[in-house]
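Welcome! Please take a look at the sequence and the 3D structure below, and then read on for a short guided tour.

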Amino acid sequence: MRLAFISDIHGNIHALTAVKRFLSEHIVNQVIVVGDLVGYGASPGPVIDFVKREGWTVGLGSSDMRVAMDMGDRADRKGVADQVLTWTKKMLTPEQVDFLRRLPPGGRIMTPVGRVRYFHGSPHDPEQRLDLMAPERELEALADSLGSRVIVVGGTHVPFMRVVGETTFVDPGSVGLTLNHEPGADVVIVDCVGRKPKVSLHKVTYDFASSAFDIMAWNLPPVIADVIRTGRMG
């Protein structure tokens with residue numbers, strides 16, 4: 001069984017299209033999106049339609065939640081992300097918003113190597129960041145409570161893998177707005193065979209210049225275009 005995990009697409013249709021091409025060359029049994037279809041990027045509607053059409057499994061991300069649900073205005077949130085989320089709400093159709101609203105907070109998959117759990121942030125809150133650099137005892141306790149051999153989380157935009165005891169923790173990084181100092185789309189493939197899972201991290205090249213151009217064409221914050229082009233913030 002081979003699973004592909006992607007996360008934090010953030011409205012970047014150019015990156016998502018390249019990921020599909022990449023996965024067509026690396027045959028997988030299932031593609032799981034660990035949240036944040038929207039936010040930052042200039043093509044939120046096309047991204048939602050894309051994953052619906054592909055039939056990929058999708059979990060709820062923090063940006064998805066803030067677009068789809070009335071979270072109220074918060075004075076401490078007036079940054080770049082909030083500007084784009086306000087714009088995103090105006091760009092989506094009611095059907096697309098309803099799709100986001102119906103997304104589950106995460107899920108589980110039974111595989112030959114054991115249970116795989118995935119969620120954006122933490123098991124019960126897409127906005128709460130799970131620290132994969134936490135002390136081993138904390139991660140072991142989480143793995144025990146979830147009864148999982150593989151735990152996949154999103155939100156940091158940086159690809160990461162760590163093995164603690166019998167559990168592999170993975171952050172797929174970001175398809176649409178990677179922050180690991182290298183432009184491109186991040187993809188994780190998990191081979192669930194043998195005695196333990198085998199995890200591989202991939203960087204997929206795509207036309208990030210076109211993605212950056214779209215940001216400028218829609219008069220979205222220029223810093224987003226800079227991040228897309230460089231893979232780094234600031």
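## Around T178

T178 touches H157, P159, P183, G184, D186, K203, V227, G231 and R232, leaving aside residues up to four places away in sequence; a contact here means heavy atoms within 4.5 Å. This is a predicted model, in which local features need pLDDT of at least 70 and side-chain atom pairs count only at pLDDT 80 or more, while totals for chains, interfaces and linings use all residues. Residues are numbered from 1 along each chain as its sequence is written, and side-chain values use heavy atoms, with hydrogens and water left out.

T178 sits in the loop between β8 (167-171) and β9 (185-191). Helices (H or I, at least four residues) and strands (E, at least two) are DSSP runs, numbered from the N terminus. With a relative accessible area of 4%, T178 is buried. The word buried stands for under 20% relative accessible area, exposed for over 50%, and partly exposed for what lies in between (1.4 Å probe, protein chains only).

The side chain of T178 also takes part in polar contacts, with the side chain of N180 at 3.0 Å and with that of K203 at 3.1 Å. A polar contact is a pair of N or O atoms within 3.5 Å; within protein, one must be able to donate a hydrogen and the other to accept it, and residues adjacent in sequence count only if both atoms are side-chain atoms.

## The chain as a whole

Stepping back, the protein chain has 8 helices and 10 strands. Its C-alpha atoms fill a box of roughly 50 × 40 × 35 Å along the principal axes. The radius of gyration of the protein chain is 17 Å, which agrees with the value near 17 Å for a compact globule of 234 residues. That radius is taken over C-alpha atoms, and the globule rule is 2.2 Å times the number of residues to the power 0.38.

Of the 234 residues, 54% are buried. Among contacts with a separation of 6 or more, 68% are between residues 24 or more positions apart.

## The nonpolar cores

Which residues touch the most other members of the largest nonpolar core? In this core of 47 residues, they are I6, I9, L16, L23, L37, W56 and L100. Helix α1 (residues 13-25) gives the most to this core, with 7 residues. A nonpolar core is a set of buried Ala, Val, Leu, Ile, Met, Phe, Trp, Tyr and Cys residues joined through side-chain atoms within 4.5 Å.

L16 touches I6, I9, V47, F50, V51, W56 and V175, not counting residues up to four places away in sequence. A second, separate core has 15 residues, including L3, F5, Y118 and V190. In soluble globular proteins, nonpolar side chains tend to be buried together.

## Helices α2 and α4

In α2, the residues P44, G45, V47, I48, F50 and V51 are buried. They pack against α1, β3 (57-58), α4 and α5 (94-101). Just after α2, G55 takes a positive phi of about 75°.

Helix α4 (residues 80-91) has 12 residues and spans 17 Å from its first C-alpha to its last, close to the 16 Å expected at 1.5 Å a residue. That expected span is 1.5 Å times one less than the number of residues. Buried in α4 are A81, D82, V84, L85, W87 and T88, and their cover includes α2 (44-54), α3 (62-68) and α8 (222-230).

## A few single residues

Here are some places to visit, with their accessibility.

| Residue | Place | Relative accessible area |
|---|---|---|
| H10 | loop between β1 (2-6) and α1 | 2%, buried |
| H157 | loop between β6 (150-154) and β7 (160-164) | 6%, buried |
| F169 | strand β8 | 0%, buried |
| D226 | helix α8 | 39%, partly exposed |

Most residues other than glycine have a negative phi, and most peptide bonds are trans. H10, although not a glycine, has a positive phi of about 50°, and H157, also not a glycine, has one of about 70°.

F169 touches L132, L139, L142, A143, I151, F160, M161, R162 and V164, again not counting residues up to four places away in sequence. The C-alpha atoms of F169 and P123 are separated by 13 Å, with their positions 46 residues apart along the chain. D226 and I215 are 11 residues apart in sequence and 9.8 Å apart in space, C-alpha to C-alpha.
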